Amino acid sequence: MRRRIISLTMLAALVAIVLFALPLGIAVMQYYRDDTKGDLERAADTVALAVSGDLTAGRTPTLPPLDRADDEVGGVVGIYGPDARLLAGNGPAVGGAVERQAASATVDVVLGREADDVVLAVPVLSGTRVTGVVRAAQPMAELRMRVALTWLGMVGLAIAAIGVSWLLARRFTTRLVRPLEELAAAAGRLGDGDFTARGPRAGIAEIDRVGEALDATAERIGETLERERAFSAEASHQLRNPLTGLRLQLEAALETPAADPYAAIRAGIASADRLERTIEDLLALGRERRAPQAELDLDALLEEIRQAGEAVLGPQGRALRITREDPPTARVAAAAVRQVLGVLLDNAATHGRGTVTVVARDAGDALAIDVADEGPDLGETDPFATAPSGHGIGLRLARSLAEAEGGRLRLSRPDPPTFTVLLPAGHRNDSP
């Protein structure tokens, strides 16, 4: 890309120089021709004025001294008679076509070439009679030299312009291409999984916008991947609850072969259904494809909690008590609330003791659901911190799900351990 940009820049500079230099070169040549004509005409006029009296009186003229400027630019000056013969000065003994044409007095100035000279002739008049001709000549070599030197200077300037264009092209190409190469490298690192890759800032608005877009993309991908990794770890912990309940039910059925196997099968199917629902809820929540918030069916939710709690707590010989204390309605995603309560129930079954109590109550402008057990005092322990044993992973997941629904999950009482879910209340359906 560098070579291509430099080549295109040099080509553009070369085309511009050619398009500019050709007419300028022609104009320079024409300028020197006109300048030479002016110099010769000035020298010839000076001499004509000086010798007009002698030629009119029939005396042999003498070439007057010329100013240094006229002498330098006038070249060779000669005075000719009406018959085109040399009377004084320098020049051919017999004038050519230029001198004879001037002697005919048909024109004021005659310009032409004789041999390798540029020749200009002016007639000297006395009334209407031509008394002589003044001839001024300059070698063509001098005109060619002046044109050649000017063209050579133009070529030098063109080469310098091309060199400057090359240097500027390299500089600006480096400034343009280097951030693009760094962007490509950053994009490559991003493709290799390095989500800390960031694009450079080049001070070029368009490239900087690309870098900002790349940075935003890398940050979003990194955050998404990190969230999914964390969610996967938390979800795997959450799936243990229904799996543990199913395993305990099957083990209990094996230990009591005389019991009705159909009851164990039905309980196992119910646990499998709960497991399937948990997986579907976690996938939907993890991919942020949550269902629109709707009025929570609290009765159905508490019934699911009852079934899940009995499946997990029953084999431990522990009881589950569910109480309603005039709870208000709430507009939330049922899947999220179901998972939050599942985490709290699993936490009580794993780390608590005694009866587990679930209370749905009115908390003013919120629906509060308390989950308590008869376990030891938590004291200053932070139950939401992840311990080396993995405890607290599910509680972190539950808290993030509750906050995503506009609610809160907190440890409302350390002794006995009581966790409270607060969900924004909807409109009451109280009868008038």
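How much area does the protein chain expose, and what share of it do carbon and sulfur atoms supply? The protein chain exposes about 24100 Å², with 57% supplied by carbon and sulfur atoms; accessible areas come from the Shrake-Rupley method with a 1.4 Å probe. The model is predicted, so local features need pLDDT of at least 70 and side-chain atom pairs count only at pLDDT 80 or more, while totals for chains, interfaces and linings use all residues. Residues are numbered from 1 along each chain as its sequence is written, and side-chain values use heavy atoms, with hydrogens and water left out.

Of the 432 residues in the protein chain, 38% count as buried (under 20% relative accessible area, 1.4 Å probe, protein chains only). The chain holds 10 helices and 12 strands, taken as DSSP runs numbered from the N terminus (helices: H or I, at least four residues; strands: E, at least two). Among contacts (heavy atoms within 4.5 Å) between residues at least 6 apart in sequence, 63% join residues at least 24 apart.

We can turn now to the sheets. One open sheet has five strands in the order 2-1-5-4-3, with antiparallel pairing (two strands pair if DSSP finds at least two bridges between them). Strand 2 (86–89) and strand 3 (110–114) each have a single partner strand, so these edge strands are left with one side lacking a neighbour in the sheet. On average, neighbouring strands here are turned by 30 degrees against each other, direction ignored; axes are lines fitted to C-alpha atoms, for helices over the stretch in contact, and angles run from 0 to 180 degrees between N-to-C directions. Within this sheet, 10 bridges link strand 4 (residues 117–126) to strand 5 (residues 129–139) in the antiparallel sense, and leucine 120 stands opposite alanine 136 in strand 5. Helix 4 (residues 140–191) lies across strand 3, strand 4 and strand 5, running at about 50 degrees to strand 5.

Another open sheet, of mixed pairing, places five strands in the order 7-9-10-12-11. Its edges are strand 7 (320–325) and strand 11 (408–413), each with a single partner strand, so one side of each has no neighbour in the sheet. The average turn between neighbouring strands is 20 degrees, direction ignored. Strand 7 runs parallel to strand 9 (residues 356–362), joined by six bridges, and arginine 321 stands opposite threonine 357 in strand 9. Helix 8 (residues 298–313) packs on the sheet, touching strand 7, strand 9 and strand 10 (366–372), and its direction makes about 165 degrees with that of strand 7. Helix 9 (residues 334–351) lies across strands 7, 9, 10, 11 and 12, running at about 175 degrees to strand 12 (418–424).

How values were computed
Buried < 20%, exposed > 50% of the residue type's maximum accessible area, 1.4 Å probe, protein only.
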